[in-house]
Amino acid sequence: MFLSRLSMAPRDPILGLNERYSQDPRPGKVNLAVGVYYDESGRIPLLDCVREAEAAQVALRLPRGYQPIDGATAFQEALLPVVFGLQPGTPRASRITTVQTVGGTSALRLAADFLHRVSGVESALISNPTWENHRGVLASAGMDVGTYRYLPKGALQPDLDGLLADLEHTPAGTVVVLHACCHNPTGYDLPAGAWALLIEVMRRNGLIALLDIAYQGFGDGLDEDAAPVRQFMDSGMPCLVAISFSKNFSLYGERVGALSVVAPDAATSERVRSQLKVLIRTNYSNPPSHGAHLVSRVLSTAVLREQWRGELDGVRVRIRRMRHRLVAALYEAGMDRDLSFITRQKGMFSYSGLTVEEMRRLRETSGVYGVNSGRICIAALNDGNVDRVARAIALACHPHRK
């Protein structure tokens, strides 16, 4: 039988750790591998703006019919001011085709299918390092996937010169995946002035930008984090933007995402939409409705929108505070390394600088789980566990101390 020939697939490097964590019986265990925001109580929060939007949505008692292939128009239009800084119906907004997707991962896969199957793009570059699934999504769509320099081992800032040099020698027509903000896994973003240089190199060499914006609002603010997307829009270059609302709305299980394609003009934009709809129809047919309705209601209701901004500000402030708390606790625990770089990183993640062996000891000795690359999720820390985590890290880095 054909099934008997199957081999066991390797565990996902992150989800596999989550499975091991869930099976660990030790009390006081901590999961720093997960890519989820937890509040101070250690729970995934239900935002107040979402709670109010959901109550209003449920009260309508609407039927649960299929959505259009590309999702609801209200959802597509509601995200334009947030991500692109544009109002629906304006001439510049008419250049943008937006379709709802099944989370940010589906947006990336839809972009890859569109680029490879429809537009004939054969190769892609991702940052070294990057989110582990970038390579898998692009390769599964049929692309050859390479890397560009981003953060050399042991470095405390992105290698902008190396990145630009790599792009200068990249063949025209290659898609380049860029983290718009809160780089995953490193926490190191490009400086603001670097984006103009990057755009010019990409324009000169005929490269295609695919921007992944999964953590908007977790870095410096909603508008600040979207600045790279808007710079590409202003440049006049066609580009693709994969958007996730999992983190900034705390709607992980609802899988609310979008793919936006910025075209040269409205007529091209309509042709893009027609091709995306064919790809969607033959994949998941149409997207789920509930989470998109909640996002649309919050973004299109002035009071709820401002409430969301305020709640998101609170999330960002808490993450920054935990960065400083962790560094202080690590010094108190006896760490003798310069760890101030953790406070300068942005978003949920930190490249901690811990080695593979230190991460292994951290898991096995103390029940504190993180990825072998040394990436830890700062958003999983709180006042109740940060001191214990710091002591565990110090023990993993100095195992011979008593």
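Leucine 210 stands opposite leucine 240 of strand 7, in a predicted model. Strand 6 (residues 208–213) and strand 7 run parallel and are joined by five bridges; strands are taken as paired if DSSP finds at least two bridges between them. Helices (H or I, at least four residues) and strands (E, at least two) are DSSP runs, numbered from the N terminus. On strand 7, six bridges lead to strand 8 (residues 256–262), and these two strands run antiparallel. Alanine 242 has leucine 259 of strand 8 as its bridge partner.

Strand 7 (residues 239–244) is largely enclosed by the rest of the structure, because six of its six residues are buried. Buried here means under 20% relative accessible area, exposed over 50%, and partly exposed in between, with a 1.4 Å probe and protein chains only. In a regular strand, side chains alternate between the two faces of the sheet. Cys239, Val241 and Ile243 point one way from strand 7, while Leu240, Ala242 and Ser244 point the other way, and all are buried. Serine 250 is placed in the loop between strand 7 and strand 8. Serine 250 counts as buried because its relative accessibility is 11%. Apart from neighbours within four places in sequence, serine 250 is in contact (heavy atoms within 4.5 Å) with Ile44, Pro45, Leu47 and Phe245.

Residues are numbered from 1 along each chain as its sequence is written, and side-chain values use heavy atoms, with hydrogens and water left out. Because the model is predicted, local features need pLDDT of at least 70 and side-chain atom pairs count only at pLDDT 80 or more, whereas totals for chains, interfaces and linings use all residues.

For the protein as a whole, the secondary structure comes to 15 helices and 11 strands. The radius of gyration is 22 Å, which agrees with the value near 21 Å for a compact globule with 402 residues. This radius is taken over C-alpha atoms, and the globule rule is 2.2 Å times the number of residues to the power 0.38. Along the principal axes, the C-alpha atoms fill a box of roughly 70 × 60 × 55 Å. Of the 402 residues, 54% are buried. Among contacts with a separation of 6 or more, 74% are between residues 24 or more positions apart.

One such separation in sequence involves helix 1 (residues 15–23), where leucine 17 is found. Leucine 17 and arginine 363 are 346 residues apart in sequence, and their C-alpha atoms are 9.8 Å apart in space. With 7% relative accessibility, leucine 17 counts as buried. Leaving aside neighbours within four places in sequence, the contacts of leucine 17 are Asp12, Ala33, Arg363, Tyr369, Gly370 and Val371. Arg363 is also one of the buried residues of helix 14 (residues 356–366), together with Glu358, Met359, Arg361, Leu362 and Ser366. The cover over the buried residues of helix 14 includes helix 1, strand 10 (368–369), strand 11 (375–377) and helix 15 (386–397). Glycine 367, just after helix 14, takes a positive phi of about 70 degrees.

Positive phi values also occur in residues other than glycine. Arginine 61 has phi near 50 degrees and lies in the loop between helix 2 (48–59) and helix 3 (73–84). The relative accessible area of arginine 61 is 77%, so arginine 61 is exposed. Phi of serine 285 is near 75 degrees; serine 285 lies in the loop between helix 10 (266–281) and helix 11 (290–300).

Cis peptide bonds precede two prolines. The bond from asparagine 128 to proline 129 is cis, with omega near 5 degrees, and proline 129 is in the loop between strand 3 (123–128) and helix 5 (132–140). Asparagine 184 and proline 185 are likewise joined by a cis peptide bond, with omega about 25 degrees. Proline 185 is in the loop between strand 5 (175–179) and helix 7 (194–205).A search of the whole structure finds three cavities of 30 Å³ or more. A cavity is a set of points on a 1 Å grid over the protein atoms alone where a 1.4 Å probe fits but cannot get out, and lining residues have an atom within 4 Å of a point. The largest cavity has a volume of about 60 Å³. Tyr148, Tyr150, Leu163, Leu178, His179, His183, Asp189, Leu190 and Trp195 line the largest cavity.

Definitions and conventions:
On a 1 Å grid over the protein atoms alone, a cavity is a set of points where a 1.4 Å probe fits but cannot get out, and a pocket is an open set with protein on both sides within 12 Å along at least five of seven lines; lining residues have an atom within 4 Å of a point. Grid points are joined across faces, edges and corners, and a volume is the space filled by probe spheres set on the points.
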